[in-house]
Each structure stands twice: as structure tokens, then as C-alpha cells.
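Trainee: Could you take me through one part of this structure closely, beginning with a single strand and working outward from there to its neighbours? I would like one connected account that I can follow with the model open beside me.

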Amino acid sequence: MYKKIISTLVIGTLLAGTLTGCGGSSDAGSSAKSSGKTELELFSTKPENKDTIQKLVDKYNESHDDVTVKVTAPPDAGTVLKTRMAKNDMPDIVAMGGDNNYTEVEGAGMLLDLGDQDYIKDVQEAYIDMVYDVNKDKEETIYGVPFATNASGVIYNTEKFEELGLEVPKTWDEFIDTLQKIKDAGEQPLLMTYKDAWTANAPWNSIAADLAPESFADDRKAGKTTFVGTHEEITEKYLTLLDYAQDDFMGLSYDDGNKKFANGDAVMIINGNWAISQYRNANPDVKINMFAIPSSNDESQNKVTSGVDVLLGVSKSSSNVDAAKDFVSFMMEKENVQTYIDEQFSFSALKGVEQSDEAVSGVQEDISNGKVANFEDHYYPSGFDMSALLTELSLNRANGMDDKENIEQFLKQCDEKYDVANVD
């Protein structure tokens, strides 16, 4: 899930995570050892998917007499995992996002190459390329197997679209025309929830993914380019969308905004599949669908913003590598991937496994065909807080700052903050 949950890491959590990693320290671990079973630890960085992961683990355990898999999913899992890496206490298997946290684990040489596994041929190439992109030095080795993916774009009220006689826009000009028609009809075109800063990333990630120079992430990291001179159009279009947001876009929270959108206070909202369950909880009768932000007037450039939400890796230091590989193979079976994406309302990186919910039918075809682009912030250094910069940009607009001055200041700050964070 794209929403970032930041928790305070207390000593008890760290100890709990460490003890779980040492299988023999727990009663369950002692029982497994005494019964002669091999025990594996699956470390998941997404606490919100723990029930589904546990369901699949239980299925695996029930069919294997000689292996027991235990799930660890602590709060602030990224910090816990880094601490364990430093102590050479890596879990056997990791399930984590395909972002800069994965890069740190992979870049430290902690994971096995799984490129020779049979299921790799069935993984969509677009998502394998995304993993290559976040490998240290862009190494084309599959240290993390794409498992589940997500998507972000424009979520729209299909009943309001029908009432207003609107069609899904395919280009930027059509998108702006659609927003204006909604505004002219007296409806609220867009709802923004920038009180929660992370939500400011959603439109940026989509627009930048379509319009940034293809080699920007690599060149910026190498100091060969800058945000200044490459991201002016992206920033201008980002600000243009604010013209169609509600007046209190800086003061509305994610949760409150989701309720408002679900109850018809706006025709569209820019968000991801992770938010759809909240809309339905607020209003079970809401009718919605999704389309990719058409950032360009060239339709071929407009891709669905989609990233690897969960990838699976095996630790080099595991004393049970073959058993860990076997578990990953089990997870990659189509039936099990389908179970995960259905329960977690996500998408699959595996060919032939699709999300069938009508609320995302507008993007599923492009996802299946690999017409996708990764979240732009997956390529930023972990210490680079784009959401903070974007909220300042947006607040300046709300306070009436001249757009030209605002854009210049924003891009200059992007380069300054990036350079500070761009350390190995």
C-alpha cells in the first residue's frame, strides 16, 4: 500500500522482531525443532496484509510435514529489518515493496538470485524491469520476485460521469476539458487530501512517470542532470490540477476525503487501488472506476502508474535455502497469487492472474499488457522527502504565490534536497 504508516520504534518491538527471527527462542520454534521440522521465517514489511499472508502460510504448512513457516510482521518493519541486517540476523524469506528499502537490502548483498526458478517465465517483464531498475547499479538479476502490484490514477464516480455525459479522457487536453465541464456543471471536479502530505505524491508520481526524461532517475543519481530544466512542465501540470480541487485541499485529511468522495462530494479523486475499500466502507453503493492520468497529448506516453507492492526474496544467510525457495515457488502458484490479490484488492505480477473487480476494470487491460510505469518516488533516495516539497509547492499556490516563482523555488529545492539525500 502506498500510504506510509510511520510508527515509533520502541525497544519492545525491536526485541520482539529479533526474538521472532531466532526461531529457537520461542516456544513454537522450540516445538518445531523438537519435532525435527525445518522452521523458516517469513518477514513481511506490510502489517496490513498479515492475515492473507498467514492464510497462505497455513496452507503451505498443512501440506508440508517437514517444514513450518512462521510470519513476522512488526510495526515499522523497515527499521526492524535494517537493524537485523546490521546484526546479521536476516530472516529466511522477505516480502517487501519494490522501492528504496528493497534497494538497501539487495545492495547489501543479502539476497539470492532467483532468476533460474521455473515461475520466472510467467512473471510480467514490465515488473521484472522495475526490480532491475531499483537494484543497486541496475544489475539485471532477480533478487526479488515481483508478486503483487498496485496502481494509482484517477478514480471517478461512474454515475456522475454518465449523468454529465462524460467519457474517459485519453489526453491531457481532454482531461482538462473534462475537469472544466464538471466545474461548469456546478460539481466539484477533484478532491485533494493534502493535510496528509503523502497523498500529494499521487498526481506527481503519475505525471512525472509519463513526462520525465527516460533516463532521469539514473542521470540524477549520477549528477548528470537536475530537476531544474527537466521538470518544469511536470510541475506546471501538477499545479494546474489544483485549479480544480476544492478550496480546502490543504486542510482535508485522507480519511475524511475518502468519505466525502464516497458520498458524492466530488466526481474524481487521484488515488490508488488501496483506497477503494475505504470508499466502499463509507458508502457500499458507490459506483467507481479508474483511469490513468493522461499526462501527455500523445496517448502512447500515458501509462498506468503501477509498482511492485510485494516482492519475495530469499536470504543468502538462510540455513534452509532449498526450503525457502520451495516456499516462494508455492507463493507464485496462480491459485495462491489469485487468493492474495482478491483479498488484498491488488494486482498480480503473474501473467494470467487478473484483478476482476469492476472498480479497476479501466486500468486492468493496460496492466495486463505491461503498459505501466513505476511510481517515480520509488527511484528517489530514501532520505528525499518529495511529499514535503510538494505540500510546500501546493501551499504556496493556495497562498497566491506567483506560479513562475513558485516553480523555480520548488525545483531548486528539489535539487538541493536530493543532493543531500543522494548518498550510498
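Mentor: Let us begin with strand β3, residues 93–96, where I93 and A95 point to one side while V94 and M96 point to the other, and all of them are buried. Please keep in mind throughout that this is a predicted model.

The partners of β3 come next. Strand β1 runs parallel to β3, and three bridges join the two; within this pairing, S44 stands opposite A95 of β3. With β8, by contrast, β3 pairs in the antiparallel sense, over four bridges, and here M96 has L311 of β8 as its bridge partner. A95 and M96, which point to opposite sides of β3, can therefore serve as your markers, with A95 facing S44 in the one pairing and M96 facing L311 in the other.

From β3 we can step across to β1, which spans residues 38–44 and has six of its seven residues buried, so that β1 is largely enclosed by the rest of the structure. β1 also pairs with strand β2, residues 67–72, in the parallel sense and over six bridges. In that pairing the residue opposite E39 is T68 of β2.

Now look at what precedes β3 along the chain. The loop between α4 and β3 holds N88, a residue that is not a glycine and yet has a positive phi of about 55 degrees. With a relative accessibility of 61%, N88 counts as exposed, because the cut-off for that class is over 50%. A second residue of this kind is K138, again not a glycine, with a positive phi of about 60 degrees. K138 sits in the loop between α6 (125–134) and β4 (145–157), and its relative accessible area of 29% makes K138 partly exposed.

Helix α4 itself, residues 77–86, has a helical neighbour in α5, residues 100–107: their axes come within 11 Å and cross at roughly 10 degrees, and α4 and α5 are therefore roughly parallel to each other. On the α4 side the contact is made by L81, K82 and M85, and on the α5 side by N101, E104 and V105. Sorted by class, these residues are three nonpolar, one polar and two charged. The spacing of such residues has a general background: an α-helix has 3.6 residues a turn, so residues three or four places apart point the same way.

On the other side of β3's pairings, β8 (304–314) leads into a loop before α14 (321–331), and S318 has its place in that loop. S318 counts as buried, at 10% relative accessibility. The C-alpha atoms of S318 and V423 are separated by 29 Å, with these positions 105 residues apart along the chain.

Another loop position to examine is P381, between β10 (372–373) and α17. P381 is buried too, with a relative accessible area of 13%. Leaving aside residues up to four places away in sequence, P381 touches N100, Y418, A421 and N422. For a sense of distance, the C-alpha atoms of P381 and T141 are 21 Å apart, although 240 residues separate the two along the chain.

That loop brings us to helix α17, in which S394 lies. S394 counts as buried, at 0% relative accessibility, and beyond residues up to four places away in sequence, S394 touches Y194, Y238, L242, F249 and M250.

Of these, Y238 and L242 belong to the buried residues of helix α11 (232–242), which also include I234, T235, K237, L239 and L241. The cover over the buried residues of α11 includes α8 (172–184), β5 (190–191), α9 (201–211), β6 (268–272), α17 (386–398) and α18 (403–421). Taking α8 from that list, α8 and α11 pack at an angle of about 15 degrees with their axes 11 Å apart, and the two helices are therefore roughly parallel to each other. The crossing of α8 past α11 is left-handed. In this contact W172, F175, I176 and L179 of α8 meet K237, T240 and L241 of α11, a set that divides into five nonpolar residues, one polar and one charged. K237 and L241 thus appear twice in this account, as buried residues of α11 and as residues that meet α8.

How values were computed: Residues numbered from 1 in each chain as written. Predicted model: local features only at pLDDT ≥ 70, side-chain atom pairs only at ≥ 80, totals over all residues. Heavy atoms only, no water. Buried < 20%, exposed > 50% of the residue type's maximum accessible area, 1.4 Å probe, protein only. Contact = heavy atoms within 4.5 Å. Axes fitted to C-alpha atoms, helices over the stretch in contact; angles between N-to-C directions. Parallel < 35°, antiparallel > 145°, perpendicular 65-115°, else oblique. Left-handed = near helix turned anticlockwise from the far one by under 90°. Nonpolar A, V, L, I, M, F, W, Y, C, P; charged D, E, K, R; others polar. Pairing = 2+ DSSP bridges.
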